[in-house]
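Student: I have a model open and would like to talk through how its parts fit together. Could we go over it step by step?

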Amino acid sequence: MNATALPGKVALRINPELLSTLNSRCKKKVIITGTNGKTTTNNLINHILHSEYDDVLSNLRGANMAQGVASAFLNDTKKEYDWGVFEVDEGSFPNIVKYLKPDYVVITNFFRDQLDRFGEIENTSKIVYEALKPLETTLILNADDPMVSKFKDLNKKNVYYGVEKSRFSTLDQRVVESRFCPVCTNSLDYEYFNYGQLGKYVCSQCGFENPEYDYKITSIKYSEDAYHFKIDNSGKIHDVIFRYDGIYNAYNCCAAIAFSIEAGLDMEKVTQRIENFEYKLGRMENIEFKNKMVKIVLVKNPIGLSEVLKSISNDQRRKSILFILNDNPADGTDVSWIWDADVEVIHNIKNLKSVHCAGIRAQDIALRLKYAEYTDKIVEIDKNIEDSIETVLAEDVDIVYILPTYTAVYQTRDIIMGHLNQTSARIPRLREIIKSKIGN
Amino acid sequence: MKINIFHMYPDLLNLYGDIGNITSLKKRCEWRGIEANIVDFSLSNERDVNDADIFFMGGGSDRGQGIVYSHFLKYKNSVSDAIEDGSVFLAICGGYQLLGESYIDADGNKIPGLGVFDYTTESEEGRLIGNVVIENNLGLKPKTIVGFENHGGRTYHSYNALGSVVVGNGNNGKDRLEGMIYKNCIGTYLHGPILPKNPHLSDHIILSALKRKYDIKELEKLDDNQEYAAHNNVLELYSDGRSKEQ
């Protein structure tokens with residue numbers, strides 16, 4: 001299962017205070033928690049901080065329970081770090097902040113994810129809320145998620161970020177997790193939704209509404225395989241380009257920018273780093289393969305899957321999609337979430353040549369497609385992941401989208417990298433990656 | 001032909017993909033040319049419960065179920081009468097518990113249910129989570145029903161069970177029984193969602209509803225290869241070869 005967490009698990013058993021050591025060796029710390037966007041925001045912040053600092057420690061691969069956070073340290077042992085950047089699983093948050101005292105906490109959103117672990121959705125935010133109470137920290141809060149913005153009543157130093165209405169916003173949302181006021185439980189009125197319960201809301205009963213933004217993203221456009229938008233920091237406006245799909249990434253960028261400026265970095269530099277950011281770890285990766293592009297995007301919950309499909313519909317190229325659905329413990333053993341996802345938006349995807357289903361529960365995702373009445377194209381089912389990847393890579397299309405669940409991500413990446421090594425294919429912008437690793 | 005499917009409190013009771021049951025009922029009607037009218041019944045959309053041919057009620061968070069309980073209480077008698085009269089009702093997890101007399105929480109507090117049936121659910125230590133395979137008591141072929149359970153409450157009753165447990169826990173993890181059947185009302189802990197991978201059960205529900213309105217004995221056959229491929233995949237993965245048939 002979650003291989004990146006293993007070394008830390010062993011070490012933590014030997015030394016339960018490892019996290020305390022980690023705490024004292026990092027001069028400053030930021031923790032990122034929430035349901036979706038933790039790993040991307042973590043990687044973005046890490047990348048941005050590297051423009052200013054040499055020693056930044058992170059658990060970049062998304063192993064985010066206590067062991068995973070500790071493994072970051074085991075792979076990289078220095079006496080002192082300028083910054084520690086850690087993404088922390090909501091359930092592990094209370095245990096981790098007992099030892100690791102963050103100067104900043106970024107909270108992305110609370111959606112339905114792996115309920116078989118936490119029980120129910122409201123519990124998840126409560127766990128984080130309670131653990132924050134005794135901490136002295138600055139909160140970077142998603143103003144557009146009522147489940148997150150209600151954290152303002154913890155009376156910490158609060159910084160709010162969000163995304164203004166754009167052409168990607170909708171007036172209605174099929175998958176709405178919690179459209180109820182977290183203060184008085186009345187149902188919330190929405191002016192628009194960006195995704196899930198994220199949007200502009202107001203409670204007609206108690207007046208609970210989006211707090212005023214300190215950082216907001218405006219004028220989002222999609223062109224040339226990238227998202228172009230403006231970041232507005234209390235009237236100061238800058239252009240930003242981000243090469244990864246989806247409105248959810250606008251939120252991730254905004255969170256990373258808000259944190260970085262609060263931490264004292266320069267906006268010019270920050271936006272530059274966002275633009276040259278390269279995802280290297282398979283959760284969301286663009287790889288050039290022969291004369292086609294391969295995009296790997298981790299899917300793990302209904303909101304994520306719905307948004308990924310929506311963002312693919314902005315892409316006009318000839319394409320194939322491969323779903324890989326596993327039900328190992330790290331994926332969530334309950335695959336019912338695919339029925340909460342708005343799979344029906346697949347009908348809006350143009351130039352879709354073929355759809356493939358693989359993984360332990362390939363039959364389930366194929367059945368979901370049948371009930372979305374996706375009958376335009378033949379849906380091919382092959383539980384074997386390697387065979388499916390080979391089939392899809394051989395197809396005559398411009399781009400292949402691979403949407404794996406957690407445990408299939410690294411497997412997918414290894415298979416594709418194995419093929420890459422045998423061909424002339426390359427990772428795009430290889431020079432920039434090397435530059436970012438060794439410095440200019 | 002036309003049936004009205006009342007989706008009860010979809011904004012409050014909407015856990016674990018249970019909406020897939022509505023999708024299954026709706027599509028399987030439409031594919032046969034039967035009109036399926038979905039009514040989202042909730043606080044802001046109260047409708048005459050006598051118009052329902054099928055009720056579907058899923059589970060929700062504790063808060064959601066609390067709100068539903070206080071609101072739905074006034075419909076208790078009409079729903080009881082409807083069930084007594086043979087209306088079709090599918091209640092899952094929290095919905096199944098809510099139809100009972102009471103729920104006793106971890107601290108021993110008794111939380112009243114609608115009391116349509118006289119069973120009780122007790123909170124016991126540890127959630128029962130995992131894949132489930134049962135053999136159904138409805139006489140449906142294949143015998144197996146597959147699903148996924150995730151509940152902290154244990155339900156004890158002396159009604160007919162929906163089936164006997166082959167894999168998993170079911171009602172309480174003790175008596176090897178899962179769910180309940182009373183006339184055309186089915187209560188169960190099975191998510192998955194239950195209906196898409198068990199098309200025989202989905203059709204049983206549709207046919208039971210149609211029989212009350214129309215002179216009909218059976219449903220037109222559909223191609224269920226994909227449904228049973230997913231069903232059999234669960235059997236292969238989780239039943240260790242037990243209860244395999246077809």
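Tutor: We will take the chain contact and then the sheet of chain A. This is a predicted model, in which local features need pLDDT of at least 70 and side-chain atom pairs count only at pLDDT 80 or more, while totals for chains, interfaces and linings use all residues. Residues are numbered from 1 along each chain as its sequence is written, with chains lettered from A and ligands numbered from 1 in the order in which they are written.

Student: How many residues of chain B are in contact with chain A?

Tutor: On the chain B side there are 28 residues in contact with 22 residues of chain A, where contact requires C-beta atoms, placed from the backbone, within 7 Å.

Student: And which element gives the largest share of that side of chain B?

Tutor: Helix 6 of chain B does, with 6 residues; helices (H or I, at least four residues) and strands (E, at least two) are DSSP runs, numbered from the N terminus.

Student: Switching to the sheet in chain A, what is the strand order?

Tutor: The 9 strands form an open, mixed sheet in the order 2-3-1-4-5-6-9-10-11, and strands pair if DSSP finds at least two bridges between them.

Student: Which strands stand at the edges?

Tutor: Strand 2 (56–58) and strand 11 (236–242) of chain A do, each with a single partner strand, so one side of each is left without a neighbour in the sheet.

Student: How many bridges join strand 2 to strand 3 of chain A?

Tutor: There are 3 bridges between strand 2 and strand 3 (residues 81–87) of chain A, which run parallel, and L57(A) stands opposite G84(A) in strand 3 of chain A.

Technical notes:
Contact = placed C-beta atoms within 7 Å.
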